[in-house]
Each structure stands twice: as structure tokens, then as C-alpha cells.
Amino acid sequence: MRLFSCSRAAAGVVTIAATAALGASMLAPIAAAGQPHPQAETCPDYVFLAARGSDQNEEHGEYFGPQRYSEQGAESNGYEGPNLAALFHLVEQRHPGTMDNAYVLALDADAYPASMNLPPLAQEGENLGPLQLMRRLGGVLLEHPLHELIYQVTVGFVQSLRSGMNNAPRVVEQYEEETGCSPRYITAGYSQGAIIATSAERYLASQDKLAGAIYLVNPLRRPGGMAGPIPRYLIPHSAALQADRRIDYCLAGDFVCDLNLRNAKDTLATKAAHHASYFRDSEGDAAVEQDNARVADTVAGWLNSPAG
């Protein structure tokens, strides 16, 4: 299911460079840490293996704590991030009780830092004009020369990706060891997290545990994704899934999955407000609200089907 609703330029360079560098940087694994999972009284049929987007962390005001998606469901650790959390809440809102038998297993800050650390040009709520944008960019470059900025962000981004990709299977193994559960998994990722979640697909499929994939604003999306120019052998590969078991949701105008210069300018001028809006703010667009509902209904259909 590929949804493209009709309704960061330096960041693009950084992400393309970082994703390419990642192919040569899969070095020693990083030990997965995190809080232990309590022994489950009843194992869920489905578990969402969730990875948040860049900088959706406490220091950026984007961590909102553990989430409970239904009365009978277990609390998540909150590291799924606000966009995926909003999607899961919408699933339960539209289909009460559906999340009772699902658990959100999110990669925490130890397993996956979700780093980008690109200085914003705009502040919340701003929409900068071309002259304002150039002045802000000049100010950032005075503090951070371009070559230093690209190096700093690229290194942090690559390390974040490497950590998440190495640790995702271990998070699954740790969960199963601690709970005794052996569910089917649905990979779920937002932005940078979509790369992490995609990398876990083949591991889960090799154990016949992959039941679906949900990606919001996927940089790996072809055509249009920010990582599109990267050769395929340098990026994670998806596992084979039926078309109706895969969601690739991109809002038109989102530079990360709809790559062009105009969208890049809009992203920089508005602090990526459109990019951050998935399931959090439909911006009054009825078509987006309909697409949001369609995604939630599709996910509910997966959860209400037999997990065997």
C-alpha cells in the first residue's frame, strides 16, 4: 500500500552522504541496553518494532513518555516517537479494542539514538521568506562552517543508523527472552526510523515472524526518497511482503520522501512543519485526514486477522 497524499537542502546533502557512508561503516556492534520487559501474563499476537525519527528525543522536547494504547494493552516505553504514537492512538480510536492484543516495542535511546542535530533555521510557527532564510543560513554558517557542519552531522547520523540497525534484532531477542513471547512483528518507522525498521525486515522474515511494515516519510522511498540517489547495495533491503501488508505513506511536499528544491526550501523555511505533521496535524486538509484514516484502518485490519 503506497500512499502519496496530494495535499531539511543541507539536510538532504547530509542524509545522502551519511547513508552512503553507512555502507562502509558497519563496524563492531554496539551493545543493546534498555529497561527489561516484564514477564507477560498474556502474550500479544502482534508486536510493532518501532523506530522514531531524527531528534525525536527528550532534549528536543519530542519525548512524551510511555503510552498505553488501549485499556488491556501494555504500556510502551514511549520511544516510538509522537508520529507513530499518534497513528497507534488513531487505530484504537477508530477500532476500539484493536490494540488490546498488540504491543509497541520501541528502540530506546541506548539501542538507537535517533540523532541528526542539524541546527534549525526557522523557529516553531515561522515561515521564512527567501531573504530571511538566507540571513539565517548565513548566521548558522558563521557559527558552523559548512564543511564542519556536514562532517559533524554526518558522523552523528551514521553512528545513529549503525547503532539502530545493529541493535534492532537484539531488542527483539531480548524481548522474547524476558517475556517468553514469540509474536508476529510489524516493523514501523518514521523518517530516519524507517531506515532502521527496514533493516530489520529480513531478520524477522528469516524467522517467519514478519507480518507487515509501516513507514511514514520513508527516505528509502523510490522514486522521490531523499536516499534515492544512493546505490541500492549501500542501503537496507526490504523483505518480501504481500503488497497489502506494506504501507509507505508520504505527504506531497515532504522533502524527505518527495525530493526537490522547492520542497527543500519550504522545509528549511518552516522548521520542517509539514514533515512533522504526520498524524499530529492534518493542517485542515480533508484528503490528508482521509488518508490518515485509511492507514489506521489498514493497520487495524492486520491486527484483527489471525497471527498464525
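## A residue to start with

Where does Asp55 lie? You'll find Asp55 in the loop between E2 and H2. Keep in mind that you're looking at a predicted model. Asp55 has a phi near 60°, which is a positive value in a residue other than glycine. Asp55 also has a relative accessible area of 7%, and buried means under 20%, so Asp55 counts as buried.

Val217 has a positive phi too, near 45°, and again this is a residue other than glycine. Look for Val217 in the loop between strand E5 (210–216) and strand E6 (246–251). Its relative accessibility is 0%, so Val217 counts as buried.

## Two disulfides

Time for some cysteines. A disulfide is a covalent bond between the sulfur atoms of two cysteines. How many disulfides does the structure hold? There are 2. Count the bonded cysteines along the chain and the pattern reads 1-2, 3-4.

One disulfide joins Cys43 to Cys181, with 2.1 Å from S to S. This pair ties together distant parts of the chain, 138 residues apart. Cys43 sits in the loop between helix H1 (10–22) and strand E2 (46–51), while Cys181 is in the loop between helix H4 (146–179) and strand E4 (184–190). The torsion about the S-S bond of Cys43 and Cys181 is about -85°, so this disulfide is left-handed. The two partners aren't equally hidden: Cys43 is partly exposed because its relative accessibility is 31%, whereas Cys181 is buried at 2%.

The other disulfide joins Cys250 to Cys257, also with 2.1 Å from S to S. Is this one left-handed or right-handed? The torsion about the S-S bond of Cys250 and Cys257 is about 85°, so the answer is right-handed. Cys250 is buried, at 0% relative accessibility, and Cys257 is buried with a relative accessible area of 0%.

## Around Ser76

Now head back to the loop between E2 and helix H2 (81–94), where Ser76 is found. Ser76 counts as buried because its relative accessibility is 4%. A polar atom of the Ser76 side chain lies 3.2 Å from the backbone nitrogen of Gly78.

Which residues does Ser76 touch, not counting those up to four places away in sequence? They are Pro66, Gln67, Tyr69, Tyr103 and Val104. Hold on to Tyr69 and Tyr103, as both come up again below.

## Aromatic rings

A pair of aromatic rings is described by the distance of the centres and the angle of the planes. This structure has 7 aromatic pairs. In one of them, the rings of Tyr69 and Phe88 have their centres 5.6 Å apart and their planes at 80°, so the pair is edge-to-face. Tyr69 and Phe88 come from distant parts of the chain, 19 residues apart: Tyr69 is in the loop between E2 and H2, and Phe88 is in helix H2. Both Tyr69 and Phe88 are buried.

Tyr103 and Tyr175 make another aromatic pair, and this one is stacked, with 5.5 Å from centre to centre and 10° between the planes. Again the pair links distant parts of the chain, with Tyr103 in strand E3 (residues 102–106), Tyr175 in helix H4, and their positions 72 residues apart. Tyr103 is buried with a relative accessible area of 11%, and Tyr175 is buried with 3%. There's also an aromatic cluster, formed by Tyr190, Tyr249, Tyr278 and Phe279.

## A kinked helix

Which residue is the kink in helix H5 (residues 192–206) centred on? It's centred on Ala200, and the kink is about 25°. Ala200 is itself one of the buried residues of H5.

Why is H5 described as largely enclosed by the rest of the structure? Because 11 of its 15 residues are buried. Among them are Gln192 and Gly193, as well as Glu201, Tyr203 and Leu204. Just after H5 you meet Asp208, which takes a positive phi of about 55°.

Definitions and conventions
Residues numbered from 1 in each chain as written. Predicted model: local features only at pLDDT ≥ 70, side-chain atom pairs only at ≥ 80, totals over all residues. Heavy atoms only, no water. Disulfide = S-S within 2.5 Å. Helix = DSSP H or I, 4+ residues; strand = E, 2+ residues; numbered from the N terminus. Buried < 20%, exposed > 50% of the residue type's maximum accessible area, 1.4 Å probe, protein only. Polar contact = N/O pair within 3.5 Å; in protein donor to acceptor, adjacent residues only side chain to side chain. Contact = heavy atoms within 4.5 Å. Phe/Tyr/Trp six-rings, centres within 6.5 Å; stacked < 30°, edge-to-face > 60°. Bend = angle between axes of the 7 residues up to and from the residue.
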